[in-house]
Amino acid sequence: MEGQKKLKKSKVVKIESQESWQHHISHANNKGYPVVVHFSAFWCITSTLMNPLFEELASTYQDAMFLNLDVDEFKEIASKFEIKAMPTFVLLNGGTAVDKIVGANPDEIKTRVDHFIHSAPSHK
């Protein structure tokens, strides 16, 4: 084992089904966790480039839920949140969208997510 790197478990939850979406949103609401959703598409280079940043944010903010959702797989959910471009980051509090960041601007994303997480009502 010496010299081998441990694989880091992702803190970002990839939405795999409609049920998975409902479960995670429901769980976050019950626990009072703020939720950050990365609406992406596998074919969108800019979305893919934001994945490491999103992982970093998920590792930084342990008391929030970070979800990654492919808009092509879940058109109904993307439509509900009026996603028109990728990447789009939607900040949810109690299941309600409170902010939306369109585009790949790492500084803007970090700033707004930080503000959102620190201003969201605490679940403690």
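1. A residue is called buried when its relative accessible area is under 20%, and exposed when that area is over 50%. With these cut-offs in mind, and remembering that this is a predicted model, one can begin with helix α4, in which I109, V113, F116 and I117 are the buried residues. They cover an arc of only 95° around the axis, which places them on the same side of α4.

2. The spacing of such residues can be understood from the general geometry of the α-helix, which has 3.6 residues a turn, so that residues three or four places apart point the same way. On the other side of α4, by contrast, D107, T111, H115 and H118 are exposed.

3. The length of α4 also fits expectation: the helix comprises 14 residues, 106-119, and at 1.5 Å a residue these should span 20 Å, which agrees with the 20 Å that separates its end C-alpha atoms.

4. As for what the buried residues of α4 meet, they pack against the strands β2, β3 (65-70), β4 (88-93) and β5 (96-102), and also against helix α2 (45-60).

5. The strands themselves deserve a point of their own, since 5 strands form an open sheet in the order β1-β3-β2-β4-β5, with mixed pairing. Because β1 (12-14) and β5 stand at the edges and have a single partner strand each, one side of each is left without a neighbour in the sheet. From one strand to the next, the twist averages 25°.

6. Within this sheet, β2 and β4 pair in the antiparallel sense over 5 bridges, and V90 in β4 is the bridge partner of V37. Helix α1 (residues 18-31) packs on the sheet, where it touches β1, β2, β3 and β4, and its direction makes about 160° with that of β3. Helix α2 lies across β1, β2, β3 and β4 as well, and runs at about 165° to β2.

7. A reader who wishes to look at one residue in detail might choose S40, which lies in strand β2 (residues 35-40). Its relative accessibility is 8%, and because buried means under 20%, S40 counts as buried. The side chain of S40 makes a polar contact with the side chain of N68, at 3.0 Å. If neighbours within four places in sequence are left aside, the residues in contact with S40 are S47, N68, L69, D70, V71 and M86.

Conventions. Residues numbered from 1 in each chain as written. Predicted model: local features only at pLDDT ≥ 70, side-chain atom pairs only at ≥ 80, totals over all residues. Heavy atoms only, no water. Helix = DSSP H or I, 4+ residues; strand = E, 2+ residues; numbered from the N terminus. Buried < 20%, exposed > 50% of the residue type's maximum accessible area, 1.4 Å probe, protein only. Polar contact = N/O pair within 3.5 Å; in protein donor to acceptor, adjacent residues only side chain to side chain. Contact = heavy atoms within 4.5 Å. Expected span 1.5 Å × (residues − 1). Arc of directions from axis to C-beta. Pairing = 2+ DSSP bridges. Axes fitted to C-alpha atoms, helices over the stretch in contact; angles between N-to-C directions.
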